[in-house]
Amino acid sequence: QVQLVESGGASVHPGASLNLSCVVSGDIFAVGIMGWYRQAPGKERELVATIRRGGTTNYADSMKDRFTISRDTSKNTAYLQMNDLKHEDKAVYYCNTDTVRIKNGDCYYNKWGRGTQVTVSA
């Protein structure tokens, strides 16, 4: 069984920073592309950023200046450093991976975590 568990969400003031974490758990052999997405109230889920195993990153244009995605492949963990948070960053932030291979050879595709809430208010 493979699970993605996000953490680090909180209620903060505008201008604050947060660092989200996403751990992929299970009998993991390898994790593919990891990504962060977010869904604000009443809106569709949108891409924040993705990162490949080798470290290549991709960002939504509106977020590349304040957000930084990283990963620790040895820990099957991805991070999202968010700086200068704004009201419009309020959302549930979800972690995703396109592929997880476990040690018995099975692969799981398009796995999602349950999300972590980020609230930005004065």
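## Strand pairing in a predicted model

Strand 5 and strand 6 form a hairpin with 6 residues between them, and Gly42 in the turn has a positive phi of about 75 degrees. Strands here are DSSP runs (E, at least two residues), numbered from the N terminus. This is a predicted model, in which local features need pLDDT of at least 70, side-chain atom pairs count only at pLDDT 80 or more, and totals for chains, interfaces and linings use all residues. Residues are numbered from 1 along each chain as its sequence is written, and side-chain values use heavy atoms, with hydrogens and water left out.

Strand 6 also takes part in a hairpin with strand 7, with 5 residues between the two. In that turn, Gly55 has a positive phi of about 105 degrees.

Two strands count as paired if DSSP finds at least two bridges between them. The table lists three antiparallel pairs.

| Pair | Bridges | Facing residues |
|---|---|---|
| Strand 5 (34-39) and strand 6 (46-51) | 5 bridges | Met34 and Ile51 |
| Strand 6 and strand 7 (57-59) | 3 bridges | Ala49 and Tyr59 |
| Strand 3 (18-25) and strand 9 (77-82) | 6 bridges | Ser21 and Tyr79 |

Strands 3 and 9 also belong to an open sheet of 4 strands, with the order 1-3-9-8 and antiparallel pairing. Strand 1 (3-7) and strand 8 (67-72) each have a single partner strand and stand at the edges, so one side of each lacks a neighbour in the sheet. Neighbouring strands of this sheet are turned by 15 degrees against each other on average, direction ignored; axes are lines fitted to C-alpha atoms, and angles run from 0 to 180 degrees between N-to-C directions.
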